Amino acid sequence: MKLFRLLLLVPLILFSDADDMYLIKGGMTFLPDGSVAKKDILVDEGQIILVADTIGDVGAENIINAEGKYVTPGLIVFSSLGLLEIGALPQTNDTSSDIYNAGFDPSKAYNPFSQAVRLNRAKGVSSTVHVPRASGYFSGLLTHTKINDGYKQKKQGPLGLVTSYGESYGDSRAAQLHFMEDLFDFVRSANNSDADEVQFIEGTNNEYKFTKRDLKAINKVLDNEMPLVVLVSKATDILNVLKFADNQQVDLILWGASEAHMVADEIARAGVPVILDPLDNIPGSFDSLNATYENVIRLNEAGVEMAFYYAQGAGAHNAYLATQSAGNAVAMGLDYGTAMKAITSNPADIFGLVGVGSIAPGFDADLVVWDGDPLELMSNVENVLIDGVDQDLSNRYEELTERYTKEKELPNSYRSRE
Amino acid sequence: MIRKLLVILVALVLYGCSEEDSMFSSEAEGSVTNYEENLHGTYASTYVPLDSKNIVIRNATVFDGDGNKFQNYDVHFSNGEIQAIGSGLIVDGAEEIDGTDKFVTPGIIDNHSHMGVYPAPGVRTSSDGNEATNPVTAEVWAEHSVWSQDPQYKLALAGGITTFHVLPGSANLFGGRGVTLKNVSANTVPDMKFPSAPHSLKMACGENPKRVYSSSGPSTRMGNVAGYRDAWIGAEEYKKSLEKDPSQRNLRNETLVGVLDGEILVHNHCYRADEMATMINISEEFGYKVSTFHHGVEAYKIADLLADEGICAALWADWWGFKHEAYDMSIANIAIVDQARGGTGCAIVHSDSASGIQRLNQEAAKALAAGRRAGFDISEGRAMTWITKNPAKSLGILDQTGTLEQGKDADLVIWDGNPFSVYTKAEQVYIDGALAFDKASNFMPHTDFDLGIKEWEDK
């Protein structure tokens with residue numbers, strides 16, 4: 001089998017640019033089935049072309065010795081990386097819109113040179129699902145973006161339409177359900193409308209105003225081209241959202257879901273995946289009184305597919321700490337493979353992303369070499385490949401550290417940036 | 001809703017605090033600040049420990065909190081106190097716990113928490129951390145806002161937290177007094193108060209006060225500084241006037257004079273290096289000492305100055321970027337502060353978060369890794385001081401807790417593995433020798449708020 005594959009490779013090797021070829025040797029490799037095994041990985045033309053126990057000399061110019069190290073798919077995070085430089089500075093914030101809601105795709109504003117992007121890349125993140133925060137009833141569209149160095153990033157999307165359900169200072173959650181039902185019925189019936197915008201409920205505020213772009217996005221959900229993604233915490237709210245999605249025959253993803261463990265079987269029966277932070281164990285609102293570390297354990301036992309993000313600290317700036325969230329899930333009793341998948345292959349699987357999240361032939365060569373267990377707090381990233389390109393891991397924060405730890409002859413401000 | 005959550009999250013991060021460590025005379029000189037009465041009289045701690053166990057833990061790996069890590073060590077405690085640590089202790093009549101493959105540390109101390117004043121659930125009706133009605137509110141006391149039924153305490157306890165310091169928020173130049181609490185279940189705040197722990201004063205630099213008071217002032221950093229100095233001048237005048245009229249009362253100035261007299265420890269929320277240096281100047285002008293700068297995302301830039309001044313810095317391992325003054329992050333911040341001037345710096349890992357407080361050991365691990373990566377030779381024993389001895393010093397309670405020394409409070413944690421691993425959990429937590437948390441038997445305090453809402457626990 002192995003020999004057969006190698007023979008198949010020969011023409012590829014002959015016609016490829018050797019500079020593009022990477023052979024990662026002997027790393028403890030996280031495999032699609034959730035296991036970890038010692039493997040060699042051959043990368044060419046930006047893709048993984050072979051994963052085998054041993055790959056001999058195939059003429060790869062770039063050989064990364066990963067003996068005693070760990071190799072994982074690049075982390076896929078959920079964040080506003082590249083859309084938000086400094087949290088409290090609106091000037092640097094491209095995550096939100098007051099004009100558009102359902103049709104708002106913030107990833108168009110992506111800045112690949114954001115310092116947060118550079119840091120997260122250096123910490124093992126190879127791509128992000130961009131999270132929109134428009135102010136209307138819908139927050140906007142999810143899009144997947146590689147965070148490689150340079151001006152060009154591969155994107156996939158839109159992946160889903162984001163809204164929220166539950167606790168509100170405004171209307172009853174019953175009214176929220178009425179609204180969603182009425183809105184979806186309306187959009188269905190107005191499918192062929194040429195109107196530039198629709199004020200859904202006269203006399204109400206901007207929340208209920210939809211432009212053509214917004215209506216188009218909602219239609220994609222109604223046509224099952226992408227799922228509805230609902231931020232919801234409370235168990236009874238989750239049941240209502242499940243029922244709503246079933247009635248409307250739309251695909252659903254749950255987000256946050258701190259009380260999901262109470263209705264884990266219902267979620268599993270509906271085949272609905274959940275995106276959450278395993279560290280969310282505080283009854284921080286009346287919608288999450290039953291928040292617990294056990295959430296991921298019970299969801300997993302029920303057979304619910306999960307993806308993890310890190311929601312503590314400074315949000316996007318610390319998105320790479322999804323490893324810490326996953327590590328804690330293991331500490332709570334989740335098996336290692338499921339936890340690793342929740343930050344690599346599951347985000348891809350949940351959103352139908354093509355070619356990312358796994359170490360297998362045909363997948364994009366988004367790979368991270370770690371000097372220890374990737375979920376451990378004291379492990380470091382050594383290499384990050386995105387689309388087969390070994391990334392520059394330098395970042396402003398290492399430069400700051402060096403500036404203040406090296407021997408100084410002149411004041412800091414006179415010293416070179418390198 | 002997403003935005004709402006984000007705003008709450010950011011707000012939680014923004015409302016930081018500050019604190020201090022310093023030696024202080026126990027005698028107030030000539031003046032009546034009511035400090036002694038406050039500490040030992042009306043507002044004194046009424047904490048009574050639960051019955052202490054008499055236990056010897058055998059053959060554990062022991063971090064003493066003073067920089068050391070011992071293999072195959074025993075720890076004996078009884079009557080609420082550490083009796084001895086060593087190898088092969090000879091102890092009669094104590095319950096024996098096999099510590100093989102287990103780790104023992106002092107109880108973890110967080111010197112920056114808002115549990116109780118920003119309890120869960122986070123709703124306006126119990127949001128009591130910032131008296132944001134005036135830039136100077138030295139007269140308010142966090143202990144008068146603390147909700148004794150906050151369900152967050154036990155979550156921190158499961159992470160090994162035995163002592164935490166509750167501060168007012170950072171909306172004001174002077175936010176008010178902080179309070180140090182034992183992580184015990186009680187119906188009143190005095191029943192939680194750490195006995196004889198000095199009071200603290202929260203001060204705040206930078207963006208928060210100038211944002212909150214942008215219309216009425218201060219609206220600039222120089223306005224902030226004028227505000228601190230004005231208040232201290234007022235406190236000096238008050239102190240003089242006490243000589244003529246020792247019976248007068250002024251709540252605001254009683255706190256400030258308490259600082260000038262060295263009785264109250266200053267905990268100063270301050271991110272930027274240049275601002276911290278300015279705050280040190282102000283402390284010199286008025287003759288007080290800053291115990292601790294809190295948050296100090298740029299502390300590494302003045303690590304030598306902090307070491308020279310004997311000022312601690314309470315920091316996050318890696319949180320940054322949520323505001324402009326938190327932009328110049330170095331993940332080696334804690335290590336650089338620690339290693340300054342030949343390792344004489346006082347670095348503290350703090351949380352300022354009801355989530356982070358549950359994993360201070362993990363935050364210390366990340367800071368340790370970053371320090372080693374930056375080229376420092378730092379031991380695990382040293383890193384353990386960041387969450388034990390140094391916060392105790394910062395709070396003025398090192399004579400009672402923070403290390404496993406004979407005669408100190410038996411506040412300690414038994415871990416099921418190395419506390420610098422993400423996979424490690426606290427198995428048991430003892431406070432003054434009494435069992436406060438036991439993972440195996442699910443023994444832990446439940447607040448009144450917890451009752452009736454945890455139907456899933458019996459599932």
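**Close-ups of chain A**

In strand S2 of chain A, A:Ile24 finds its bridge partner in A:Ile41. This is a predicted model, where local features need pLDDT of at least 70, side-chain atom pairs count only at pLDDT 80 or more, and totals for chains, interfaces and linings use all residues. Residues are numbered from 1 along each chain as its sequence is written, while chains are lettered from A and ligands numbered from 1 in the order in which they are written.

**View 1. Strand S1 meets S2 in a hairpin.** S1(A) and S2(A), residues 36–44, run antiparallel and share seven bridges. (Strands are DSSP runs of E, at least two residues, and helices are runs of H or I, at least four, numbered from the N terminus; two strands pair if DSSP finds at least two bridges between them.) Five residues sit between the two strands, and A:Gly34 in that turn has a positive phi of about 95 degrees.

**View 2. S1 has parallel partners too.** With S4(A), residues 62–65, S1(A) pairs over four bridges in the parallel sense. Here A:Ile24 turns up again, this time with A:Ile64 as its bridge partner. S1(A) also pairs with S5(A), again parallel, over two bridges, and A:Thr29 stands opposite A:Val71 there.

**View 3. How enclosed is strand S1?** Strand S1 covers residues 22–30, and seven of its nine residues are buried, so the rest of the structure largely encloses it. (Buried means 20 or more other C-beta atoms within 10 Å of the residue's own, exposed means 12 or fewer, and partly exposed is in between, with C-beta atoms placed from the backbone.) Across chain A, 55% of the 418 residues count as buried.

**View 4. Two domains touch.** Domain 1 takes in 1–74 + 357–418 and domain 2 takes in 75–354, with bounds from an automatic or database domain assignment. Their C-alpha centres lie 30 Å apart. From domain 1, 26 residues are in contact with 31 residues of domain 2 (contact means C-beta atoms, placed from the backbone, within 7 Å).

**View 5. The domain 1 side of that meeting place.** Strand S5 (70–73), strand S17 (381–386) and helix H11 (396–403) each give two or more residues to this side. S17(A) supplies the largest share, three residues.

**View 6. Stepping back to the whole chain.** Chain A holds eleven helices and 18 strands. Its C-alpha atoms fill a box of roughly 70 × 60 × 45 Å along the principal axes.
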